[in-house]
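Here are my notes on the model, set out as numbered points. Please read them with the structure open.

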Amino acid sequence: MLHVSVDGMAEMVGKLEGSMNYIDGSDEEIYDFPELPSYGAARPPGLTSIMGGCGIAGCIDVHGGKIRGDKIAKMLSIMSERENGLGSGYVAYGIFPDHKDDYCLQFFFDDEESMSAVEEYLKSHGEITKDERVYTIEHSDVRMPHPIVWRYFFIPNTTLKSADPDQCIVDLVMKINSSIPGAFCISSGKNMAVFKGNGFSYQIAEYYDLSRYEAQMWCSHSRFPTNTPGWWAGTHPICLLDWSVCHNGEITSYGVNRKFVEMNGYKCTLLTDSEVITYIWDILVRKHGLPLQVAAFAMAPAYYDDIALMSDHDKQIAQQLRITYKEAFLNGPFSILVGKTCPEITMLAMADRKKLRPLIIGHNESDGLVYAASEECAIRNVDENVRTWVTNPGNPMIARVGEGIIRYGTERHFEGISNE
């Protein structure tokens with residue numbers, strides 16, 4: 001649901017009234033709608049949430065080979081009806097082999113002042129081993145304003161607050177995104193980075209010149225926010241640590257989910273329901289140690305009538321998860337792509353428990369390539385020699401570098417899982 005402040009609504013109405021024209025000699029009103037505004041690292045005024053309907057596409061080389069960035073751009077951009085130019089993004093995994101043990105913190109900055117504030121904060125909480133401007137093509141047709149996009153390779157000081165370096169990074173990201181104006185950390189994992197912005201998928205691919213990058217896995221998202229302006233930090237993928245989430249749909253349980261993640265120390269600042277999905281994955285898998293397929297069930301659980309038909313083993317696990325993680329249940333229509341690097345680069349693709357959003361999987365066994373997308377055309381556009389299938393509702397496909405396809409998304413929910 002969209003929430004707009006009184007002042008924000010008055011501003012929107014004023015702009016609309018100012019755009020009304022009349023045909024000469026007629027009382028007929030003609031609306032010359034103004035172009036929707038574009039925002040950088042600063043949050044759009046008056047807005048507290050964003051929903052939309054979008055496109056997702058991902059590919060992984062399970063043999064460990066590299067995939068050029070223009071391939072994922074070709075997958076995503078063919079689904080042009082799933083975007084309206086208000087946001088698109090890509091995440092690449094396995095692109096920094098020389099810094100694979102450092103956290104790669106990538107930021108949007110509105111100005112040099114916000115950049116200096118972040119650098120000072122980082123230096124007081126660890127060591128910056130390298131920093132660099134992220135390459136962009138400034139003459140691109142991506143709408144202004146363009147934030148400064150900067151990358152820091154960083155090692156946190158684990159003696160300051162938490163002995164767990166991952167938790168140090170989470171705390172650091174939450175602090176910066178909630179308290180330093182004009183600055184947003186958009187990715188913070190190891191050996192991965194996000195390339196996103198406020199534009200069409202082909203524009204963002206050109207803006208960052210994705211053809212210059214090769215990665216073992218790519219996930220991507222094209223945005224169609226239905227009733228709000230887009231902004232750079234709020235586009236997908238939504239990332240924290242090595243997690244990335246590309247989400248098509250709407251999370252109607254956002255209020256409960258948000259309270260759940262905030263009770264666990266996370267701060268929601270991105271104005272999108274998709275943000276809570278990323279944090280829930282981090283809670284269930286990193287903090288609570290759940291296997292990926294078990295965490296997936298907690299977020300998209302089977303109905304109790306279906307649980308009653310399960311084996312005693314599966315029924316016990318399902319009932320425990322539904323009771324323990326009821327606040328992590330994602331209600332509403334969705335399909336998501338999830339990426340992570342630890343222990344190995346992994347792609348997960350799943351839809352909600354009713355399969356109300358499309359998701360198709362593809363596999364080129366000879367080349368070791370696994371695909372996931374909203375539409376089959378995205379896969380066929382880059383690889384005609386694939387076998388395709390659809391996952392069961394709420395059942396994830398999981399592919400991993402070095403291991404291949406771990407789950408096809410058609411197995412029993414808890415196949416291979418012990419209830420101990």
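**Notes on the predicted model**

1. In this predicted model, an open sheet is built from 4 strands, in the order β7-β8-β6-β9, with antiparallel pairing. The edge positions are taken by β7 (126–133) and β9 (183–187); each has a single partner strand, so one side of each is left without a neighbour in the sheet. On average, neighbouring strands of this sheet are turned by 30° against each other, direction ignored.

2. Within that sheet, β6 (residues 103–109) pairs with β8 (residues 148–156) in the antiparallel sense, over 7 bridges. To find the register, look at Phe 108, which stands opposite Val 149 in β8. As background, strands of a sheet pair through backbone hydrogen bonds, either parallel or antiparallel.

3. Two helices lie across these strands. Helix α3 (residues 112–123) crosses β6, β7, β8 and β9 and runs at about 5° to β8. Helix α4 (residues 165–179) lies across β6, β8 and β9, and runs at about 5° to β6.

4. How many disulfides are there in the model? The count comes to 0, taking a disulfide as a pair of cysteine sulfur atoms within 2.5 Å. Cys 239 is in no disulfide: the nearest cysteine sulfur belongs to Cys 246 and is 7.5 Å away. Cys 239 counts as buried because its relative accessibility is 9%, under the 20% limit for that class. Cys 168 is also buried, with a relative accessible area of 11%.

5. The model has 2 cavities of 30 Å³ or more. The largest cavity holds about 80 Å³ of space. It is lined by 13 residues, and those closest to its centre are Asn 177, Cys 185, Ile 186, Cys 239 and Leu 270. Elements giving two or more residues to this lining are α4, β9, β13 (238–240) and α7 (274–287). The most comes from β9, with 3 residues. So the edge strand β9 and the helix α4, which lies across β6, β8 and β9, both take part in the lining.

6. Is Gly 234 buried or exposed? Gly 234 counts as buried, because its relative accessibility is 0%. This glycine is found in the loop between β12 (217–222) and β13. Apart from neighbours within four places in sequence, Gly 234 is in contact with Arg 223, Leu 270 and Thr 272. Leu 270 is also among the residues closest to the centre of the largest cavity. The C-alpha atom of Gly 234 is separated by 8.5 Å from that of Gly 197, which is 37 residues apart along the chain.

7. Glu 384 sits in another loop, the one between α11 (376–380) and β19 (387–389). Glu 384 is exposed, because its relative accessible area of 66% is over the 50% limit. Its C-alpha atom and that of Asn 364, 20 residues apart along the chain, are separated by 8.8 Å.

8. Some totals for the chain. There are 11 helices and 21 strands. Of the 420 residues, 57% are buried. Among contacts between residues at least 6 apart in sequence, 73% join residues at least 24 apart.

Methods. Residues numbered from 1 in each chain as written. Predicted model: local features only at pLDDT ≥ 70, side-chain atom pairs only at ≥ 80, totals over all residues. Heavy atoms only, no water. Pairing = 2+ DSSP bridges. Axes fitted to C-alpha atoms, helices over the stretch in contact; angles between N-to-C directions. Contact = heavy atoms within 4.5 Å. Buried < 20%, exposed > 50% of the residue type's maximum accessible area, 1.4 Å probe, protein only. 1 Å grid on protein atoms, 1.4 Å probe; cavity = no way out; pocket = protein on both sides within 12 Å on 5 of 7 lines; lining within 4 Å. Points joined across faces, edges and corners; volume = space filled by probe spheres on them.
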